[in-house]
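Dear colleague,

Please find the structure below, together with a summary of what was found in it. I would be grateful if you could read the two side by side.

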Amino acid sequence: MQDLLVLNPNTTDSITALLRQHVAAALGCDRATVHTATARFGAPYIACEASYAVAAHAALDCWARWQAQHAGLRPGAVLIGCFGDPGLLALRESASVPVTGLAEAAFTEAAAHGRFAIVTGGARWEPMLRRLAQALGFGPQLAGIHTVTPSGAELAADPDHARRLLARACRDAARATGAGAVILGGAGLAGMGAAIQPLVGVPLIDSVAAGARQAALLCGQPGARERAGFDVPWSGLSAAMQGLGRA
């Protein structure tokens, strides 16, 4: 059985608990032990460029702090539990184990169906997700992004309303773009896809379930880090982060 670490780069403990629940459900208790860590600073949910930038730092800090607190326990893989994957490339560079994120994993699954659309909460996410898809090489497969007005946190707070709103948005996104699949993106939306799927007409990818599956596939593989430590000394950071720079 593998150990899988899920990092929540926002400060909301209930989202961390939701991630643990749905990642464990997607994998089954016999496949992995799911560990979680919550950002110790930053935003309660990530919804703009500034909170995204801080969340990237928070994700690195989460990893460094978890390592310091769990000496001798090495997870098989790390999953960034935010649809947007803040800090993905930096964490991948510095970690000695494989790293993926909800968005990268969902893009990978959805692209198997051809071009795909994304539905998520929060209008400011559209350019951020478009940029991420381009950076990860999925630009040609991205058919469109449909954002609904409530943020992911607001949708999670009212699941019944969220399911109605998101079902309509996913159906509209599939029809408008001709996408072969739709991604329902957001940690706070974990588990909603099953109820919505019959109404969409094309495969619906739950980003949290996709993240769990991709992380499980990566478990036990070598990390992408090519060198120990970084090129310059750091200052003004936590002791754990300083240790990450020397790792």
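**The glycine at 188 and the open sheet**

G188 is found in the loop between β7 (181–185) and α8 (193–196). Please note that this is a predicted model. G188 counts as buried because its relative accessible area is 11%, and the cut-off for buried is under 20%. Leaving aside residues up to four places away in sequence, G188 touches I15, L18 and A156. Its C-alpha atom is separated by 9.5 Å from that of F83, although the two residues are 105 residues apart along the chain.

Strand β7 also belongs to an open sheet of four strands, with the order β6-β5-β7-β8 and parallel pairing. β6 and β8 (204–206) stand at the edges with a single partner strand each, so one side of each has no neighbour in the sheet. From one strand to the next, the twist averages 20 degrees.

Within this sheet, β5 (residues 116–121) pairs with β6 (residues 142–148) over six bridges, and with β7 over five bridges. T120 has T147 as its bridge partner in β6, and T120 stands opposite G185 in β7. Helix α5 packs on the sheet, where it touches β5 and β6, and its direction makes about 155 degrees with that of β6. Helix α9 (residues 207–218) lies across β7 and β8 and runs at about 70 degrees to β8.

Finally, helix α4 (residues 102–111) is mostly covered, with seven of its ten residues buried; among them are L102, E104 and F107.

With kind regards

Definitions and conventions: Residues numbered from 1 in each chain as written. Predicted model: local features only at pLDDT ≥ 70, side-chain atom pairs only at ≥ 80, totals over all residues. Heavy atoms only, no water. Pairing = 2+ DSSP bridges. Helix = DSSP H or I, 4+ residues; strand = E, 2+ residues; numbered from the N terminus. Buried < 20%, exposed > 50% of the residue type's maximum accessible area, 1.4 Å probe, protein only. Contact = heavy atoms within 4.5 Å. Axes fitted to C-alpha atoms, helices over the stretch in contact; angles between N-to-C directions.
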